[in-house]
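Welcome, and please open the model in your viewer. We will go from one selection to the next and say what is there at each stop.

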Amino acid sequence: MKLRYIYYKFIRGILRLCFPKAKNVYEEQPDEPAVYVCNHSAIHGPVMMTLDFHRKHQSWTIHCALDSKKAVNYAYHDVLLGNSRRCKWFWRMLSHIIAKLLPPLVCYDTIPVYHDKGIIKTFKQSVKALTEGEDLVIFAESPKRFSEYICELQSGFVDLARLYYRKAKKALKFYPVYLSKKNAVISVGKPIAYDPEQPIEEQRETIAAYLRDNIDRLARQLPAHKPVPFLTERWYSAYGMYEDDFIGYWQMIENNE
(Lines give C-alpha, C1' and ligand atoms only; values in the text may rest on other atoms or scores of the structure.)
Protein backbone atom coordinates (compact mmCIF):
# COMPACT_ATOMS: atom_id res chain seq x y z
CA MET A 1 0.00 0.00 0.00
CA LYS A 2 2.86 2.36 0.78
CA LEU A 3 4.42 1.85 -2.66
CA ARG A 4 1.02 2.38 -4.27
CA TYR A 5 0.62 5.69 -2.45
CA ILE A 6 4.15 6.81 -3.39
CA TYR A 7 3.35 6.00 -7.02
CA TYR A 8 0.09 7.98 -6.76
CA LYS A 9 1.88 10.99 -5.27
CA PHE A 10 4.61 10.79 -7.92
CA ILE A 11 2.14 10.84 -10.82
CA ARG A 12 0.15 13.56 -9.10
CA GLY A 13 3.34 15.63 -8.91
CA ILE A 14 3.94 15.17 -12.63
CA LEU A 15 0.37 16.23 -13.40
CA ARG A 16 0.86 19.29 -11.20
CA LEU A 17 3.69 20.36 -13.52
CA CYS A 18 1.45 19.90 -16.57
CA PHE A 19 -1.66 21.64 -15.24
CA PRO A 20 -1.66 25.31 -14.17
CA LYS A 21 -3.15 25.86 -10.74
CA ALA A 22 -6.88 26.47 -11.27
CA LYS A 23 -8.84 29.05 -9.30
CA ASN A 24 -12.26 28.18 -7.87
CA VAL A 25 -14.95 30.69 -8.87
CA TYR A 26 -18.44 30.44 -7.33
CA GLU A 27 -21.64 32.20 -8.35
CA GLU A 28 -23.04 31.18 -4.97
CA GLN A 29 -20.98 30.00 -2.02
CA PRO A 30 -21.91 26.45 -0.89
CA ASP A 31 -23.18 26.11 2.66
CA GLU A 32 -23.52 22.33 3.02
CA PRO A 33 -22.49 19.05 1.37
CA ALA A 34 -23.62 18.93 -2.25
CA VAL A 35 -23.09 17.29 -5.64
CA TYR A 36 -20.89 18.96 -8.25
CA VAL A 37 -21.66 17.86 -11.81
CA CYS A 38 -18.82 18.65 -14.22
CA ASN A 39 -17.89 18.50 -17.88
CA HIS A 40 -15.35 15.73 -18.41
CA SER A 41 -13.02 17.51 -20.85
CA ALA A 42 -11.23 14.21 -21.61
CA ILE A 43 -8.71 13.65 -18.79
CA HIS A 44 -8.60 17.37 -17.92
CA GLY A 45 -11.76 17.47 -15.81
CA PRO A 46 -10.91 14.68 -13.35
CA VAL A 47 -7.33 15.90 -13.02
CA MET A 48 -8.37 19.50 -12.33
CA MET A 49 -10.92 18.50 -9.70
CA THR A 50 -8.39 16.19 -8.04
CA LEU A 51 -5.63 18.78 -7.95
CA ASP A 52 -7.46 22.04 -7.34
CA PHE A 53 -11.04 21.68 -6.10
CA HIS A 54 -10.84 23.14 -2.61
CA ARG A 55 -13.76 21.35 -0.96
CA LYS A 56 -13.36 17.93 0.62
CA HIS A 57 -14.96 15.50 -1.79
CA GLN A 58 -15.18 12.04 -3.29
CA SER A 59 -15.48 11.43 -7.01
CA TRP A 60 -17.58 8.88 -8.83
CA THR A 61 -15.29 6.60 -10.84
CA ILE A 62 -16.24 3.78 -13.18
CA HIS A 63 -15.69 0.57 -11.21
CA CYS A 64 -13.72 -1.28 -13.90
CA ALA A 65 -10.96 1.36 -13.70
CA LEU A 66 -10.38 0.31 -10.08
CA ASP A 67 -9.76 -3.38 -10.78
CA SER A 68 -6.58 -4.36 -12.67
CA LYS A 69 -8.33 -7.36 -14.31
CA LYS A 70 -11.44 -5.51 -15.41
CA ALA A 71 -9.38 -2.48 -16.40
CA VAL A 72 -7.80 -4.31 -19.35
CA ASN A 73 -10.87 -4.07 -21.56
CA TYR A 74 -11.66 -0.62 -20.18
CA ALA A 75 -8.19 0.59 -21.17
CA TYR A 76 -8.46 -0.99 -24.62
CA HIS A 77 -11.80 0.60 -25.51
CA ASP A 78 -12.22 3.72 -23.37
CA VAL A 79 -8.61 4.88 -23.05
CA LEU A 80 -6.95 3.64 -26.24
CA LEU A 81 -10.08 3.47 -28.45
CA GLY A 82 -8.84 0.12 -29.67
CA ASN A 83 -11.61 -0.49 -32.20
CA SER A 84 -10.36 2.50 -34.19
CA ARG A 85 -6.77 1.20 -34.46
CA ARG A 86 -4.76 -0.99 -36.73
CA CYS A 87 -2.42 -3.61 -35.25
CA LYS A 88 -4.94 -4.34 -32.54
CA TRP A 89 -2.59 -6.87 -30.93
CA PHE A 90 -0.28 -3.97 -29.99
CA TRP A 91 -3.11 -1.98 -28.40
CA ARG A 92 -4.29 -5.08 -26.54
CA MET A 93 -0.79 -5.51 -25.15
CA LEU A 94 -0.62 -1.85 -24.15
CA SER A 95 -4.01 -2.11 -22.45
CA HIS A 96 -2.59 -4.76 -20.10
CA ILE A 97 0.16 -2.35 -19.08
CA ILE A 98 -2.28 0.49 -18.50
CA ALA A 99 -4.53 -1.82 -16.48
CA LYS A 100 -1.69 -2.33 -14.00
CA LEU A 101 -0.85 1.37 -13.75
CA LEU A 102 -4.37 2.84 -13.67
CA PRO A 103 -6.07 1.52 -10.47
CA PRO A 104 -3.54 3.04 -8.03
CA LEU A 105 -4.14 6.45 -9.63
CA VAL A 106 -7.92 6.46 -9.24
CA CYS A 107 -8.45 4.57 -5.99
CA TYR A 108 -8.12 7.50 -3.58
CA ASP A 109 -11.22 9.47 -2.54
CA THR A 110 -13.38 7.67 -5.09
CA ILE A 111 -16.71 5.87 -5.13
CA PRO A 112 -17.08 3.05 -7.70
CA VAL A 113 -19.93 3.44 -10.20
CA TYR A 114 -21.73 0.42 -11.63
CA HIS A 115 -24.12 0.07 -14.55
CA ASP A 116 -26.11 -2.79 -13.05
CA LYS A 117 -27.58 -3.62 -9.63
CA GLY A 118 -24.25 -2.63 -8.15
CA ILE A 119 -25.39 0.98 -8.43
CA ILE A 120 -27.06 0.40 -5.06
CA LYS A 121 -23.58 0.23 -3.52
CA THR A 122 -22.66 3.46 -5.30
CA PHE A 123 -25.67 5.25 -3.84
CA LYS A 124 -25.09 3.86 -0.32
CA GLN A 125 -21.47 5.01 -0.29
CA SER A 126 -22.50 8.38 -1.72
CA VAL A 127 -25.15 9.00 0.93
CA LYS A 128 -22.65 8.02 3.61
CA ALA A 129 -20.10 10.51 2.25
CA LEU A 130 -22.68 13.32 2.14
CA THR A 131 -23.94 12.66 5.66
CA GLU A 132 -20.34 12.74 6.88
CA GLY A 133 -19.86 16.19 5.37
CA GLU A 134 -18.12 15.39 2.09
CA ASP A 135 -19.14 16.63 -1.35
CA LEU A 136 -19.53 14.44 -4.41
CA VAL A 137 -17.97 15.14 -7.80
CA ILE A 138 -19.73 13.50 -10.75
CA PHE A 139 -18.89 13.45 -14.45
CA ALA A 140 -22.26 12.54 -15.93
CA GLU A 141 -21.87 13.22 -19.66
CA SER A 142 -23.26 10.71 -22.14
CA PRO A 143 -21.91 10.43 -25.70
CA LYS A 144 -24.96 12.23 -27.12
CA ARG A 145 -23.71 15.64 -28.22
CA PHE A 146 -25.38 18.87 -27.07
CA SER A 147 -22.88 21.67 -27.75
CA GLU A 148 -19.15 22.08 -28.25
CA TYR A 149 -18.79 22.47 -24.48
CA ILE A 150 -20.99 19.73 -23.04
CA CYS A 151 -22.78 16.53 -23.99
CA GLU A 152 -26.20 15.51 -22.75
CA LEU A 153 -26.10 14.33 -19.15
CA GLN A 154 -27.16 10.94 -17.92
CA SER A 155 -29.84 11.62 -15.33
CA GLY A 156 -29.68 8.57 -13.06
CA PHE A 157 -27.47 10.33 -10.54
CA VAL A 158 -30.44 12.51 -9.53
CA ASP A 159 -31.96 9.52 -7.70
CA LEU A 160 -29.27 10.03 -5.09
CA ALA A 161 -31.21 13.07 -3.83
CA ARG A 162 -34.23 10.99 -2.85
CA LEU A 163 -32.08 8.59 -0.83
CA TYR A 164 -30.22 11.43 0.84
CA TYR A 165 -33.49 13.13 1.76
CA ARG A 166 -34.73 9.94 3.41
CA LYS A 167 -31.51 9.72 5.43
CA ALA A 168 -30.78 13.36 6.29
CA LYS A 169 -34.14 15.10 5.72
CA LYS A 170 -32.29 17.69 3.61
CA ALA A 171 -32.88 18.75 0.01
CA LEU A 172 -29.67 17.92 -1.84
CA LYS A 173 -28.21 20.63 -4.07
CA PHE A 174 -26.59 20.03 -7.45
CA TYR A 175 -24.02 22.52 -8.75
CA PRO A 176 -23.07 22.89 -12.44
CA VAL A 177 -19.30 23.04 -12.94
CA TYR A 178 -17.35 23.97 -16.06
CA LEU A 179 -13.67 23.06 -16.15
CA SER A 180 -11.26 24.83 -18.48
CA LYS A 181 -7.56 24.00 -18.42
CA LYS A 182 -6.93 26.81 -20.91
CA ASN A 183 -8.37 29.41 -18.53
CA ALA A 184 -7.19 27.55 -15.42
CA VAL A 185 -10.58 27.89 -13.77
CA ILE A 186 -13.15 25.73 -12.00
CA SER A 187 -16.37 27.67 -12.63
CA VAL A 188 -19.20 26.73 -10.26
CA GLY A 189 -22.68 27.99 -11.09
CA LYS A 190 -25.75 28.48 -8.92
CA PRO A 191 -27.23 25.18 -7.72
CA ILE A 192 -30.56 23.51 -8.28
CA ALA A 193 -32.10 21.72 -5.31
CA TYR A 194 -34.06 18.48 -5.18
CA ASP A 195 -37.73 19.00 -4.33
CA PRO A 196 -39.10 16.11 -2.22
CA GLU A 197 -42.65 17.17 -3.13
CA GLN A 198 -42.14 16.49 -6.84
CA PRO A 199 -41.99 13.07 -8.59
CA ILE A 200 -38.43 11.86 -9.07
CA GLU A 201 -39.23 10.92 -12.69
CA GLU A 202 -39.80 14.59 -13.53
CA GLN A 203 -36.84 15.84 -11.53
CA ARG A 204 -34.34 13.57 -13.26
CA GLU A 205 -34.86 15.43 -16.53
CA THR A 206 -35.38 18.87 -14.97
CA ILE A 207 -32.21 18.76 -12.88
CA ALA A 208 -30.08 17.19 -15.62
CA ALA A 209 -31.25 19.80 -18.16
CA TYR A 210 -30.58 22.67 -15.73
CA LEU A 211 -27.05 21.42 -15.07
CA ARG A 212 -26.33 20.84 -18.78
CA ASP A 213 -27.59 24.28 -19.79
CA ASN A 214 -25.66 26.05 -17.05
CA ILE A 215 -22.42 24.20 -17.71
CA ASP A 216 -22.78 25.41 -21.30
CA ARG A 217 -23.53 28.96 -20.05
CA LEU A 218 -20.50 29.00 -17.73
CA ALA A 219 -18.29 27.91 -20.62
CA ARG A 220 -19.53 30.71 -22.88
CA GLN A 221 -18.89 33.33 -20.18
CA LEU A 222 -15.17 32.55 -20.10
CA PRO A 223 -12.63 34.16 -22.43
CA ALA A 224 -12.60 32.52 -25.85
CA HIS A 225 -11.05 29.07 -25.69
CA LYS A 226 -11.07 25.84 -27.63
CA PRO A 227 -13.08 23.31 -25.61
CA VAL A 228 -11.77 19.82 -25.01
CA PRO A 229 -14.65 17.45 -25.78
CA PHE A 230 -15.72 14.55 -23.61
CA LEU A 231 -15.18 12.15 -26.51
CA THR A 232 -13.08 12.62 -29.63
CA GLU A 233 -14.18 12.18 -33.23
CA ARG A 234 -12.15 8.96 -33.24
CA TRP A 235 -14.52 7.60 -30.57
CA TYR A 236 -17.59 8.45 -32.65
CA SER A 237 -16.12 6.89 -35.78
CA ALA A 238 -15.38 3.61 -33.98
CA TYR A 239 -18.13 3.48 -31.34
CA GLY A 240 -20.80 5.72 -32.85
CA MET A 241 -23.43 2.99 -32.55
CA TYR A 242 -23.35 3.64 -28.79
CA GLU A 243 -24.03 7.39 -28.96
CA ASP A 244 -27.61 6.77 -27.84
CA ASP A 245 -26.84 3.61 -25.86
CA PHE A 246 -24.18 4.36 -23.28
CA ILE A 247 -25.35 1.50 -21.07
CA GLY A 248 -24.77 -0.83 -24.00
CA TYR A 249 -21.27 0.60 -24.38
CA TRP A 250 -20.37 -0.20 -20.78
CA GLN A 251 -21.93 -3.64 -21.04
CA MET A 252 -19.72 -4.28 -24.04
CA ILE A 253 -16.65 -3.29 -22.05
CA GLU A 254 -17.61 -5.21 -18.93
CA ASN A 255 -18.39 -8.35 -20.95
CA ASN A 256 -14.85 -8.27 -22.38
CA GLU A 257 -16.02 -8.00 -25.97
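Is aspartate 216 buried or exposed? Select that residue and keep in mind that this is a predicted model. Aspartate 216 has a relative accessible area of 11%, and it counts as buried because that value is under the 20% cut-off.

**Stop 1: around aspartate 216**

Show the helix that holds aspartate 216: this is α8, residues 200–221. Now display side chains and look for arginine 220, whose side chain makes a polar contact with that of aspartate 216 at 2.8 Å. Next, select what lies around aspartate 216 beyond its neighbours within four places in sequence: the contacts there are Phe146, Ser147, Tyr149 and Ile150.

**Stop 2: the whole of α8**

Widen the selection to all of α8. How far apart are its end C-alpha atoms? They are 31 Å apart, which agrees with the 32 Å that 22 residues should span at 1.5 Å a residue.

Colour the buried residues of α8 next: Ile200, Gln203, Ile207, Ala208, Leu211, Arg212, Asn214, Ile215, Asp216, Leu218 and Ala219. To see what these buried residues pack against, bring up the strands β2 (35–38), β7 (151–153), β8 (173–180), β9 (185–188) and β10 (192–193), together with the helix α7 (159–168).

**Stop 3: α7 and its partner α6**

Stay with α7 and pick out Asp159, Leu160, Ala161 and Tyr164, which are buried. The elements covering the buried residues of α7 include β2, β3 (57–62), α6, β5 (135–139), β8 and α8. Just after α7 comes lysine 169, and its phi is positive, near 60 degrees.

Now add α6, residues 119–131, to the view. Two packed helices are described by the angle between their axes and the distance between the axes. For α6 and α7, the axes come within 10 Å and cross at roughly 55 degrees. That angle makes α6 oblique to α7, and α6 passes α7 in a right-handed crossing. Which residues make the contact? From α6, select Phe123, Ser126, Val127, Leu130 and Thr131; from α7, select Asp159, Leu160, Leu163, Tyr164, Lys167 and Ala168. Asp159, Leu160 and Tyr164 of this contact set also appear among the buried residues of α7.

**Stop 4: lysine 181**

Move along to the loop between β8 and β9, where lysine 181 is found. With 29% relative accessibility, lysine 181 counts as partly exposed. Select phenylalanine 19 as well: 162 residues separate the two along the chain, yet their C-alpha atoms are separated by 7.1 Å. Phe19 is one of the residues in contact with lysine 181 once neighbours within four places in sequence are left aside; Cys18, Pro20, His44 and Met48 complete that list.

**Stop 5: isoleucine 247 and helix α10**

For the last stop, go to isoleucine 247, found in helix α10, residues 246–254. Its relative accessibility is 38%, and isoleucine 247 therefore counts as partly exposed. Draw a distance back to arginine 220, which is 27 residues away along the chain: the C-alpha atoms of the two are separated by 30 Å.

Then show α3, residues 71–79, beside α10. The axes of these two helices come within 8 Å and cross at roughly 135 degrees, which makes α3 oblique to α10. Finish by selecting the residues that make the contact: Asn73, Tyr74, His77 and Asp78 of α3, with Tyr249, Trp250, Met252 and Ile253 of α10.

Key
Residues are numbered from 1 along each chain as its sequence is written. This is a predicted model: local features need pLDDT of at least 70, side-chain atom pairs count only at pLDDT 80 or more; totals for chains, interfaces and linings use all residues. Side-chain values use heavy atoms; hydrogens and water are left out. Helices (H or I, at least four residues) and strands (E, at least two) are DSSP runs, numbered from the N terminus. Buried means under 20% relative accessible area, exposed over 50%, partly exposed in between (1.4 Å probe, protein chains only). A polar contact is a pair of N or O atoms within 3.5 Å; within protein, one must be able to donate a hydrogen and the other to accept it, and residues adjacent in sequence count only if both atoms are side-chain atoms. Contact means heavy atoms within 4.5 Å. The expected span of a helix is 1.5 Å times one less than its number of residues. Axes are lines fitted to C-alpha atoms, for helices over the stretch in contact, and angles run from 0 to 180 degrees between N-to-C directions. Angles under 35 degrees count as roughly parallel, over 145 as roughly antiparallel, 65 to 115 as roughly perpendicular and the rest as oblique. A crossing is left-handed if the near helix is turned anticlockwise from the far one by less than a right angle, and right-handed if clockwise.
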